[in-house]
Amino acid sequence: VINHELVAPSEEAQKQGRDVSIHQALNLFLNASVLEEQCLVLVRYAQHLCTPHDLPSSSTSASSASTPSGPGAKGGGGGAPAVPKRSAVPSQPGSKDGAAPKTTVYNRRGKGEARPAGSAAAEAFGRTRTAAEDLLFSICLRRAEQMLARGDSEFEWSPTKPVSQPSDYILDLASFLRTVFPTFSILPASVMEALHYTTCKTIAAHLAQLPLNPKVRKINHHAFVRADADLSVLESFAQDSKVPGLKETFIPLRQLITLMTGPSLAPILDEVERFQCFGSVDLKQLLVVLEKYREGSGSLGLRLHWGDSSARKKEVDAVVKKIRELLRE
């Protein structure tokens, strides 16, 4: 039934052109997890019942065997027959006496392998739980990617005016994260943290690829100022989530933006400073960004920010040349 519920919402959603709700996937995961655990409890209980314990000793057994009982027994006084003591568990063929019997599982295909009763059900619910977990990850990533896709067309890389406010699509994404992800606190800690890490890594990777898009030909300083505001919103969510190390998923992007909005690009050329402050910056990606940044260095945005854009352009040229040399080594 749960497996049907796992598939039915997806098929129905496809017909209506919508996604399965996160609430549905979350309920399926929890239901399968609870039933899997209950099956394992029943398996342990069944194994306990099948394990010989409190068995009569050999001397007690011999004594009771020699003691007559019943109406015809001497000294029995015509009393009620003695209650038989609990006997040992009968041995199975090929096993030692007293060993716990194995239960042979039968299914539609015929006789199966011998294993504890209930283990097959636990395995089935385990597979369903895994499928529901995969569905939960898929939905979260798809929702995040849908919102991030707006940035491909909405984010302006050569704005003529400085904008310090975060982009609308980033605010919508942060609202989604802050609304939905707290509900994952009822999940096992490992699953909850994995959902956070996977989603934030996907977001960070997508944002890092935006300036590398071939459609982006020029980049100026104002674009990185707004990118800084966008990233601060996401870092704030990561910090508030209390998930250990979640904010660190944005480190490569943070280091790139810090470099591009800083007073100078020279630190990237110093080996020690590059290792300490910009160790997560990919030099190949930085080279692409700098070449596009150089194309936009004569724009109004740079003249307003630097005063003399020609000096900045010379610095960019020197850094580009040095990075190319580093990449050839």
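Let me begin with a term: a residue is called buried when its relative accessible area is under 20%, and exposed when that value is over 50%. The model we are looking at is a predicted one, and I will keep to what was computed from it.

With that cut-off in hand, take the cysteines. Cys200 has a relative accessibility of 2%, and because the limit for buried is 20%, Cys200 counts as buried. Cys140 is buried as well, its relative accessible area being 0%. As for disulfides, where the sulfur atoms of a cysteine pair would have to lie within 2.5 Å, the count comes to zero.

Now to the interior. The largest nonpolar core has 67 residues, and Phe184 and Leu286 are those with the most contacts inside it. At least two residues of this core come from each of a set of helices, among them α2 (22–50), α6 (189–209), α7 (221–240) and α12 (309–328), while α4 supplies the largest share, nine residues. In general, nonpolar side chains in soluble globular proteins tend to be buried together. If we look at Leu286 and leave aside its neighbours within four places in sequence, we find it in contact with Leu256, Leu259, Met260, Ile268, Val281 and Ile323.

Helix α4 also holds Thr128, which is buried at a relative accessible area of 5%. Its C-alpha atom is separated by 9.5 Å from that of Asn31, although the two residues are 97 residues apart along the chain.

Let me turn to α5, which can be read as a helix with two faces. Helix α5 has 13 residues, and from its first C-alpha to its last it reaches 18 Å, close to the 18 Å expected at 1.5 Å a residue. Its buried residues are Tyr169, Ile170, Leu173, Ala174, Phe176, Leu177 and Val180, and, seen down the axis of α5, they fall within an arc of 155°, so they line one face of the helix. The general background is that an α-helix has 3.6 residues a turn, so residues three or four places apart point the same way. On the face of α5 turned away from that buried side we find the exposed residues Asp168 and Thr179.

I will finish with a residue outside the helices, and with a question: which backbone angle of Lys242 is positive, although this residue is not a glycine? The angle is phi, at about 65°. Lys242 sits in the loop between α7 and α8, and with a relative accessible area of 70%, over the 50% limit, this lysine is therefore classed as exposed.

Conventions. Residues numbered from 1 in each chain as written. Predicted model: local features only at pLDDT ≥ 70, side-chain atom pairs only at ≥ 80, totals over all residues. Heavy atoms only, no water. Core = buried A, V, L, I, M, F, W, Y, C linked by side-chain atoms within 4.5 Å. Buried < 20%, exposed > 50% of the residue type's maximum accessible area, 1.4 Å probe, protein only. Helix = DSSP H or I, 4+ residues; strand = E, 2+ residues; numbered from the N terminus. Contact = heavy atoms within 4.5 Å. Expected span 1.5 Å × (residues − 1). Arc of directions from axis to C-beta.
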